[in-house]
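Got your viewer open and ready to click around? Let's take a short walk from one whole chain down to single residues, then across to its partner.

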Amino acid sequence: MVARVRPALIAAWAAIAFLVGSGCGPFGLPASAGAEILSARVAVRGMTCNICAGTVERRLKRVACIVTASVDLEHGLAQLSPRPGQHFDGRRVLKAIHDAGFTPGDIYVVARGQLVTRNGIAYLELVPGDLVILSGATGPPSLPDLPGAGQTIRVSGRLADPSGDSRASVGICVERAALATAP
Amino acid sequence: MSSAHSRGLRLRPANRAFVLVFALAAAWALVVPPHASAHSDVRGPLLPPLYGGGLQIGTVISSEGTRYEDESAADVYVAAGAAYGLGPNTIAGLYVPYLSRAELEQGAVVERESGLVPFSLQLQQRLWRRDGVGSRLEVVAFSSVGLHPPGSPSWPTLRPAKYALSGGLIHTGLRDVASMSWSYNGAGYAAEEEPTWLGNVAALVRPSPRLLARGRDLFLGAELTYQGAVNGAYERVTLAPVLEIQPARLLWFEVSWGRPVWERAVPPDIQGRSSLWLRVYVQR
């Protein structure tokens, strides 16, 4: 069963994370063996040669939450494999690209976790107690469009740019949500 | 007859510092990791775009020939250079040249001398940039200070032998590269050179971007260089075809051959001077 978030709901809602517990800084998504960020992709602008791609790759591989990084020079993209068991720190990814002398773009992630709802808002529980809000660009995803609470789902979408309160600044602007085949 | 490049320079035999720099360059070339691959598409005095920890090191062999009546001179520069990206917008460079000069009369060598000439410390700051997918436009400021080498009569003074200030606009893309720069080259302590303006326009194309996927690269292009005395005493323009090739992941070769296409009131010692450049470098 695949549920799609309505496009009309994906536009104006500021992404807010509701992070319970510790260890999850701004723009950082926790991951664990059971629920995790499966992959990430980030746009890198300004690369025009192999040395550019090599510089970006080296910088990204130094980020603690990244295992491997592979750069597609032609399309200006870096494909990232997050390190299992560590929270995915999007801010560090963006900083690594900036420090290499290039302009970072949006980060897109694929995450898997359990869907929970509180006060009518849908969250992705990546590890027990750590919740990441599922949002759209214009508002919260419509719950009837998402799989039921308590289910393990896989979502893909853009990491929302954090702002302000570090404890309420992380979200995934959902593009797709689907029931995961594995628990 | 003397070259304007070396007027005021006190030539001395090569010393250990020069040998050490060359040895370090060679050693680095041997140990650099195999993923290094790059190009040096920026022409004129500007440094290559090595921001954020990028490193380039290599050697330049430059031959300049001048002929005046029955006299001629051949200058051969062998230089070691390095550039390093200090940060996301800042690059530092070092350029250590060694000059061997032969002066000839009626084809016979009448004088030969060689030694270190002023070395340069360089700094380039990016002031503005606009990045796109596979493209970049940037404005940079460049400064250079030439210091007297060890063993020269002016050593160990820290008063610069020469200095330069430049501004440049650089476009880089997956298919083409273009740059333009304008520089003021000042004369420093114990220098006999006149201050000059230096303008450079360069355009190169990458005829086969698909080579990038195999870790190879190729550029073809040309650069036009204007040189003129600040006091207006003379002017000259040279045109140089340029070939840059990356035959292996580590290695780059660059060849250019500049010949004058226009000159006005140029002193005899640089009149009609042509230059052949061969640059070999590694970059990561």
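Start by selecting all of chain A: of its contacts with a separation of 6 or more, 71% are between residues 24 or more positions apart. Contact here means heavy atoms within 4.5 Å. Keep in mind that this is a predicted model, where local features need pLDDT of at least 70, side-chain atom pairs count only at pLDDT 80 or more, and totals for chains, interfaces and linings use all residues. For bookkeeping, residues are numbered from 1 along each chain as its sequence is written, chains are lettered from A and ligands numbered from 1 in the order in which they are written, and side-chain values use heavy atoms, with hydrogens and water left out.

Now switch to a cartoon view. Chain A has two helices and eleven strands; helices (H or I, at least four residues) and strands (E, at least two) are DSSP runs, numbered from the N terminus. Following the sequence, you'll meet them in the order β-β-β-α-β-β-β-α-β-β-β-β-β. Of the 183 residues in chain A, 51% are buried. Buried means under 20% relative accessible area, exposed over 50%, and partly exposed in between (1.4 Å probe, protein chains only).

Next stop: select Gln79(A), which sits in strand E5 (residues 77-82) of chain A. Is Gln79(A) buried or partly exposed? Its relative accessibility is 37%, so Gln79(A) counts as partly exposed. Leaving out residues up to four places away in sequence, Gln79(A) touches Ser39(A), Ala40(A), Arg41(A), Thr68(A), Ala69(A) and Ser70(A). Zoom in on Ala40(A): its backbone oxygen is 3.3 Å from a polar atom of the Gln79(A) side chain.

From there, hop to Thr68(A), found in strand E4 (residues 66-72) of chain A. Thr68(A) has 39% relative accessibility, so this residue counts as partly exposed too. Beyond residues up to four places away in sequence, Thr68(A) touches Gln79(A), Leu80(A) and Ser81(A). Try a distance label as well: the C-alpha atoms of Thr68(A) and Glu57(A) are eleven residues apart along the chain and 8.5 Å apart in space.

Time to show chain B next to chain A. Here 20 residues of chain A are in contact with 26 residues of chain B. Together the two chains bury about 1800 Å², 51% of it on carbon and sulfur atoms; buried area is the accessible area (1.4 Å probe) that two parts lose on being put together, summed over both. Select Thr48(A), Asn50(A) and Ile51(A): they supply 34% of the area that chain A buries against chain B, more than any other three residues.

How many salt bridges does the rule find across the interface of chain A and chain B? Zero, where a salt bridge is a side-chain nitrogen of Lys or Arg within 4 Å of a carboxyl oxygen of Asp or Glu. Color helix H1 (50-61) and helix H2 (90-99) of chain A, since each supplies at least two residues of the side that touches chain B. H1(A) gives the most to that side, with five residues.

Finish in chain B. Strand E8 (residues 176-187) and strand E9 (residues 196-205) run antiparallel, joined by ten bridges; two strands pair if DSSP finds at least two bridges between them. Click Ser181(B) and you'll find Asn200(B) of E9(B) opposite.

Methods
A polar contact is a pair of N or O atoms within 3.5 Å; within protein, one must be able to donate a hydrogen and the other to accept it, and residues adjacent in sequence count only if both atoms are side-chain atoms.
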